[in-house]
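Thanks for making the time this morning. I would like to walk through one structure with you, moving from its cores to its strands and helices and then to its aromatic rings.

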Amino acid sequence: MLSSGAKAAKPSFVSYISPEEIQIKEPIEKEVNPHLLPGELLLCEASTVYKYIQEDGSNRGTYGKLVCTNFKIAFLDDDSASDDNESQFKNKIIGENDITLQCVDQIYGVYDEKKKLLTGQLRKYPEKLIIYCKDLRVFNFCLRYTKEEEVKRIVSGIIHHSQTPKLLKRLFLFSYASAAPNNSDGRNQTVMFDTLEDWRAELERTKGNVQYKVVTTNEGYRVSEKLPLYFVVPICVSEESILKYEGRGIPIWCWSCHNGAALLKMSAFPKEQDDSTSQMQKAFLDGIYKTISKPPYELLKTDDLSSSLPSLQDIQTAYTRFKQLFLIDNSTEFWATDVKWFSLLESTNWLEIIRRVLKKAIEVVECLERQHTNVLLIEDSATDLCCVISSLVQVMMDSYSRTKSGFQSLIQKEWVIGGHGFLDRCNHLHNSDKEEAPVFLLLLDCVWQLVQQYPAAFEFTETYLTVLSDSLYVPIFSTFFFNSQHQKDTNTTGESLKTQSGPFRFLTVWDWSVQFDPKAQAFLNNPLYAEKPKPDKSQRKTSRFKHQRQLSCPLTQTKSSPKRGFFREETDHLIKNILGKRIGKFINSSDEPPNSFREFYDSWHSKPVDYHGLLLPRIDGPEIRVWAQRYLRWIPEVQLHGGGTIATAAKILDLMEEVQSLQVKMDEKHSQAISGDVHAVPMLRNSARLSSLFPFALIQRQSIKPALPTSTWKDLEDEDDLVKRDDEFVDLSTDMLKCIY
């Protein structure tokens, strides 16, 4: 027994067996071939590759084959050849060990235990390969037991096909479209906004057809290649004005509020111009402003988003820092950063950017809802932050945008047809890192904040948003792989392998049957969504329908509680504004009272929630949270066994399945066959085996968590204190998990 002053002897045992030789699966003997999609070609492969299990420091894993195609990187082992897969949320396109080439973020090689970023031609090939993915998965491969020639081929092939710049038509999108039969689901209810009729229907739905019109001036893209074929402008704007500056300086309609106020966007003129050109452009803008500030239009307020919101470079920098918190190589690295996780999170500034964006959207909502003011969003191209703010405003104010088909139609209108540069912002071609920015992901994160605060107001779930973010990197859908409608149209013509001629027939991401079977698609739908009841015609003239789920209102209330605004069917107020002799006035941002926003925000939050009315997110303090499902789903250390939101979802889905079963029996009893359009409900028979990582992963073995990493102990206290506290267990993960979930 050691005396109190003696120090413990250091361990002297040295192991000469590598960790890979302990508790490993033997190399597979039978041939396992990858499942290839139409148009997919096998480019290179390597056998006897060891894939680590990202679990703990034991370096356990399995042997298999690593292959690279013109679509993906895939690891094949014994489980790959078996169809007996427990997953109830299996993606039919991307397997558990598949990485699309567009999903590869960075590739590192390990040389003598040192990591090095791999780019271009290599003089020396690594003994380990680490692939970081844009969906935050991390793959670790050991190449120590692979033949040297195969190592050279597979490493060079992966780097070349996933990291080097390429031409647009070299994307797998075109190979798949030319070889695959187009069996797209024709029942898709998403409005694509690629026809004149779609825009006219949207104008009529929002009652904006009195003041605004759809123009065909850009047919043949004679105005601008950045603008869609059809778009909406104020009735008073002439065709000559649209043509004069290639669409710049023209207010383009996004959406109309129930009171007649509208949300507009404008592409700004270049800032660096000579004096004469600047004067002409200023005179042109003044004329436009005066025209749309007169009756029948509402008051006008402009908002230059380039000065009121973070720049795209700031957004990219913040997200780059933020995602590093979740790209975890091993368990030791996770626990080493756990003690300072909150300070690291705050330093990324990502959550602060989300808060600022949501605050800006609320400011716009206030102008539209309370001040009855038109809002004109201005940005350089009006295809980045304009898309974020306009989409958020519509999600907050229009309950239709909170349905699945409505949200998808919104993305089509504001982003796909609106000209957001998905190709450049996602850097699908690896042409320029300077153009890359997670603008669309920023929108999804902001929408998630609303979904987790008001789940009953949304027809879709957070799983839907997570899958949608993953679909950014699946190059069989054209939705997120073009910069504009013009770019897509000009690249649609080509030769098909099936017909030898004719245009490509691209798939749209909104057909979820391509990726998931009906039972898996059920996880995208919110079973607790408060559907909007159809108003009773007999009561429509006397009072507006009162939402049934306002349980916070007293049952004895005689007067209807003040709503937070909703999309009215009546146009009485709009007609009064149009016929009234109101004097138009141009309003600058400085004219707004400084406390106007806070009054509006606090007033709204003091009233009961109308799930089909206006929704304002809570943005104070810790209300802005980490999107746990998307960012933490691949980290076993944060899983809650049998817990998390999936525990509630499992019970609800089981109950729905029982109700549907009873309904079938009742219908059969009355000789009425149940209709075939009932949503399939996933059967969670083994819900006890699930964890909070579901549905993206089933329960995983508990990782070996140290009581506290040695490096952390050294930072916190002296070694002498450790001797006194060697039996004490300190769990640093509890507080972090409580905050996240």
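Let me begin with a term: a residue is called buried when its relative accessible area is under 20%, exposed when that area is over 50%, and partly exposed in between. Please also keep in mind throughout that what you see is a predicted model.

With those cut-offs, take two residues whose backbone angles stand out. Asn349 is partly exposed, because its relative accessibility is 37%, and it has a positive phi, near 75°, although the residue is something other than glycine. Asn349 sits in the loop that runs between α10 (341–348) and α11. The second residue is Tyr221, again not a glycine, with a positive phi of about 55°; Tyr221 belongs to the loop between β9 (212–215) and β10 (231–234). Is Tyr221 buried or exposed? Its relative accessibility is 15%, so Tyr221 counts as buried.

Now to the interior. The largest nonpolar core has 156 residues, and the members that touch the most others within it are Met396 and Phe407. Helix α11, residues 350–369, supplies the largest share of this core, with twelve residues. Apart from this core lies another one of 35 residues, which includes Phe193, Trp253, Ile292 and Leu300. Coming back to Phe407, and setting aside its neighbours within four places in sequence, we find contacts with Val395, Tyr400, Ser401, Leu444, Val447, Phe460, Tyr464, Leu465 and Leu468.

Helix α11 deserves a little more attention. Of its 20 residues, 16 are buried, so α11 is largely enclosed by the rest of the structure. For those who like a geometric check, a rise of 1.5 Å a residue gives an expected span of 28 Å for α11, and the end C-alpha atoms are 29 Å apart, which agrees.

Helix α16, residues 462–470, is another enclosed element, because nine of its nine residues are buried. Those residues include Tyr464, Leu465 and Leu468, which we have just met among the contacts of Phe407. At the start of α16, a side-chain oxygen of Thr461 comes to within 3.3 Å of the backbone nitrogen of Thr463.

Let me turn to the strands. Which residues cover the two faces of β14? On one side are Thr373, Val375, Leu377 and Glu379, on the other Asn374, Leu376 and Ile378, and all of them are buried. Since seven of the seven residues of β14 (373–379) are buried, the strand is largely enclosed by the rest of the structure. As for its partners, strand β12 (residues 262–267) pairs with β14 in the parallel sense over five bridges, and strand β13 (residues 299–304) also pairs with β14 in the parallel sense, over six bridges. Val375 in β14 appears in both pairings, as the bridge partner of Leu263 and as the residue opposite Lys301.

Strand β2, residues 61–69, is likewise largely enclosed, because nine of its nine residues are buried. Here the pairing is antiparallel: strand β1 (residues 42–52) and β2 share eight bridges, with Glu45 partnered by Val67 in β2, while β2 and strand β3 (residues 72–76) share four bridges, with Lys65 partnered by Leu76 in β3. A hairpin of two residues joins β2 to β3.

I will finish with the aromatic rings. There are 44 aromatic pairs in the structure. In one of them, Tyr319 and Phe322, the ring centres are 6.4 Å apart and the planes stand at 40°, so the pair is tilted. Because Tyr319 and Phe322 are three residues apart in helix α8 (residues 312–323), about one helical turn separates them; both Tyr319 and Phe322 are buried. Trp415 and Phe440 form an edge-to-face pair, with 5.2 Å from centre to centre and 75° between the planes. Trp415 lies in helix α13 (residues 404–416) and Phe440 in helix α15 (residues 439–453), so this pair ties together parts that are 25 residues apart in sequence. Trp415 is buried at a relative accessible area of 0%, and Phe440 is buried at 2%.

Finally, Tyr319 and Phe322 also belong to one aromatic cluster, together with Phe326, Trp341, Phe342, Trp350, Trp448, Trp627 and Tyr631.

Technical notes. Residues numbered from 1 in each chain as written. Predicted model: local features only at pLDDT ≥ 70, side-chain atom pairs only at ≥ 80, totals over all residues. Heavy atoms only, no water. Core = buried A, V, L, I, M, F, W, Y, C linked by side-chain atoms within 4.5 Å. Buried < 20%, exposed > 50% of the residue type's maximum accessible area, 1.4 Å probe, protein only. Contact = heavy atoms within 4.5 Å. Pairing = 2+ DSSP bridges. Polar contact = N/O pair within 3.5 Å; in protein donor to acceptor, adjacent residues only side chain to side chain. Expected span 1.5 Å × (residues − 1). Phe/Tyr/Trp six-rings, centres within 6.5 Å; stacked < 30°, edge-to-face > 60°.
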